[in-house]
Amino acid sequence: MTLTGSLPALLPLTFVNGIAFGFWPVLCSTPFHLPGVHPREIAVSLSFIQMSSSAGITIGPLVCGALQQATGDLRLSLAVVSFTSLSLCVAGLLMRHGLSSRGMSATEPAAPDVRS
């Protein structure tokens, strides 16, 4: 989106960017499927997800501005910062690999909390 100056091209790119946020419902439901996470701990995990998102929204422009001042190129700094979202994909792949090595399924729900 940062590399186009054309309004007709920007409209489909904005639509695709909106579709790319389809991971958000999946991200919010992930704590329900983690093994060993009890229902009372779901609030803590969802709060951590929200806090991480807010931290990224806050720190992202600061990092981008610092890179822009260091390099003098706004497009380069925006491109570098845009690749940080790929860390979510890496984390998801590592989580799936970690679960499979323990013989756990990423889709089985967590055990109910039976503590009194």
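In this predicted model, S77 is found in helix α4. Is this residue buried or exposed? With a relative accessibility of 1%, S77 falls under the 20% cut-off and therefore counts as buried. Its surroundings can be read from its contacts: once neighbours within four places in sequence are set aside, S77 touches C64, L67 and Q68.

Those three residues lead to the partner helix, since C64, L67 and Q68 of α3 are part of the contact with α4. Helix α3 covers residues 42-71 and helix α4 covers residues 74-82. The axes of the two helices are 8 Å apart, and the packing angle is about 140°. The pair is therefore described as oblique, and the crossing is right-handed. On the α3 side, the contact is formed by G60, V63, C64, L67, Q68 and T71, while α4 contributes L74, L76, S77, L78, V80 and V81. Sorted by class, this contact holds eight nonpolar and four polar residues, with no charged ones.

Stepping back to the whole protein chain, the secondary structure consists of five helices and zero strands, so that reading from the N terminus gives the order α-α-α-α-α. How much of the chain is buried? Of its 116 residues, 9% count as buried, and S77 belongs to that buried class. The exposed surface of the chain comes to about 8,600 Å², with 72% of it supplied by carbon and sulfur atoms. Finally, among contacts in the chain with a separation of 6 or more, 54% join residues 24 or more positions apart.

Notes
Residues are numbered from 1 along each chain as its sequence is written. This is a predicted model: local features need pLDDT of at least 70, side-chain atom pairs count only at pLDDT 80 or more; totals for chains, interfaces and linings use all residues. Side-chain values use heavy atoms; hydrogens and water are left out. Axes are lines fitted to C-alpha atoms, for helices over the stretch in contact, and angles run from 0 to 180 degrees between N-to-C directions. Helices (H or I, at least four residues) and strands (E, at least two) are DSSP runs, numbered from the N terminus. Angles under 35 degrees count as roughly parallel, over 145 as roughly antiparallel, 65 to 115 as roughly perpendicular and the rest as oblique. A crossing is left-handed if the near helix is turned anticlockwise from the far one by less than a right angle, and right-handed if clockwise. Contact means heavy atoms within 4.5 Å. Ala, Val, Leu, Ile, Met, Phe, Trp, Tyr, Cys and Pro count as nonpolar, Asp, Glu, Lys and Arg as charged, and the others, Gly among them, as polar. Buried means under 20% relative accessible area, exposed over 50%, partly exposed in between (1.4 Å probe, protein chains only). Accessible areas come from the Shrake-Rupley method with a 1.4 Å probe; for residues, only the protein chains shown count as cover.
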